[in-house]
Amino acid sequence: NFTMRNIVTIILAALLLLAGIQTANAQNKKDWREKIMSEKIAFLTSELNITPQEAQTFWPVYNQVNKEKDEAMHEVFRAYKAMSSAIKDNKSAKEIDNLLDKYLSALEKQRELDNKTPDRYKKVLPVEKVAKLYVAEERFRRQQIHRLHHHKGGEKKN
């Protein structure tokens with residue numbers, strides 16, 4: 001027979017196990033992001049042939065731009081999710097209109113950031129390297145997509 005103490009012990013063990021799994025998943029996601037970012041930095045450094053002097057001024061700007069882009073992207077996603085939920089929940093036209101405005105505003109802020117970014121890079125790199133940066137970032141992105149589509153669990157898919 002199970003006693004209340006046994007039930008509580010089982011529930012606590014299950015909760016600790018779940019918390020451990022969530023922590024491990026969060027750590028794995030963080031490790032994965034850090035691994036990809038390390039690969040990207042190495043790839044960009046090589047592709048752009050960044051000098052040590054350029055690296056000192058470029059990487060802080062690049063990291064700040066990426067932080068701002070991540071924040072802008074998350075804001076777009078939050079606004080989209082809120083708007084989508086309001087539509088699904090049959091909220092009032094006025095509320096949906098307000099959420100649509102927030103979504104469009106978040107998209108506009110994201111575009112403005114994208115438009116201002118090249119000038120920020122041109123302050124720390126020659127224009128040729130700024131152009132190479134955009135080409136290299138796209139090449140890296142495509143390389144990662146190719147990797148995802150053609151490899152699963154270390155085995156090549158057909």
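Helices here are DSSP runs of H or I with at least four residues, numbered from the N terminus. The structure is a predicted model.

**Exercise 1. Describe the aromatic pair formed by phenylalanine 58 and tyrosine 62, and state where both residues lie.**

Solution. Begin with the search of the whole structure, which finds eight aromatic pairs. One of these joins phenylalanine 58 to tyrosine 62, with 5.3 Å from centre to centre and 40° between the planes, and the pair is tilted. Next, place the two residues: both phenylalanine 58 and tyrosine 62 belong to helix α2, where they are four residues apart, about one turn of the helix. Finally, consider accessibility, for which phenylalanine 58 and tyrosine 62 are both buried.

**Exercise 2. Why is the pair of phenylalanine 58 and tyrosine 121 tilted, and which helices hold the two residues?**

Solution. As a general point, a pair of aromatic rings is described by the distance of the centres and the angle of the planes. For phenylalanine 58 and tyrosine 121, the ring centres are 5.7 Å apart and the planes stand at 55°, so the pair is tilted. The cut-offs behind this step are that planes under 30 degrees apart count as stacked and those over 60 as edge-to-face, with the rest counted as tilted. As for location, the pair links distant parts of the chain, since phenylalanine 58 is in helix α2 and tyrosine 121 is in helix α3, 63 residues apart.

The accessibility of each partner can then be read against the cut-off for buried, which is under 20% relative accessible area. Phenylalanine 58 has a relative accessible area of 0% and is therefore buried, and tyrosine 121, at 1% relative accessibility, also counts as buried. To complete the picture, ring pairs link Phe58, Tyr62 and Tyr121 into a cluster together with Trp59 and Tyr134.

**Exercise 3. Compare the salt bridge of glutamate 39 with lysine 35 and the salt bridge of aspartate 114 with lysine 69 by their positions in the chain.**

Solution. The count for the model comes to 13 salt bridges. In the bridge between glutamate 39 and lysine 35, the closest N and O atoms are 3.0 Å apart. Both of these residues lie in helix α1, four residues apart, about one turn of the helix. Glutamate 39 is partly exposed, with a relative accessible area of 23%, and lysine 35 counts as partly exposed at 44% relative accessibility.

In the bridge between aspartate 114 and lysine 69, the closest N and O atoms are 3.8 Å apart. This pair links distant parts of the chain, with aspartate 114 in helix α3 and lysine 69 in helix α2, 45 residues apart. Aspartate 114 is partly exposed at a relative accessible area of 38%, and lysine 69 counts as partly exposed at 25%. Returning to helix α1, Lys35 and Glu39 are also linked with Arg147 in a network of salt bridges.

**Exercise 4. Where do asparagine 49 and asparagine 90 lie, and are they buried or exposed?**

Solution. Take asparagine 49 at the start: this residue lies in the loop between α1 and α2, and its phi is positive, about 55°, although it is not a glycine. The cut-off for exposed is over 50% relative accessible area, and asparagine 49, with 58%, is therefore exposed.

Asparagine 90 is then treated in turn. Its place is in the loop between α2 and α3, and it has a positive phi of about 55° although it is not a glycine. With a relative accessible area of 68%, asparagine 90 is exposed.

**Exercise 5. Which residues lie nearest the centre of the largest pocket, and which element gives the most to its lining?**

Solution. The largest pocket holds about 1,100 Å³ of space. Its lining is made up of 26 residues, of which Trp32, Arg33, Ile36, Lys40 and Phe140 lie nearest the centre. The elements giving two or more residues to this lining are α1 (4-48), α2 (52-88), α3 (93-122) and α4 (127-150). The element that gives the most is α4, with nine residues. Sorted by class, the lining of the largest pocket has 13 charged, eight nonpolar and five polar residues.

Terms used. Residues numbered from 1 in each chain as written. Predicted model: local features only at pLDDT ≥ 70, side-chain atom pairs only at ≥ 80, totals over all residues. Heavy atoms only, no water. 1 Å grid on protein atoms, 1.4 Å probe; cavity = no way out; pocket = protein on both sides within 12 Å on 5 of 7 lines; lining within 4 Å. Points joined across faces, edges and corners; volume = space filled by probe spheres on them. Nonpolar A, V, L, I, M, F, W, Y, C, P; charged D, E, K, R; others polar. Phe/Tyr/Trp six-rings, centres within 6.5 Å; stacked < 30°, edge-to-face > 60°. Buried < 20%, exposed > 50% of the residue type's maximum accessible area, 1.4 Å probe, protein only. Salt bridge = Lys/Arg side-chain N within 4 Å of Asp/Glu carboxyl O.
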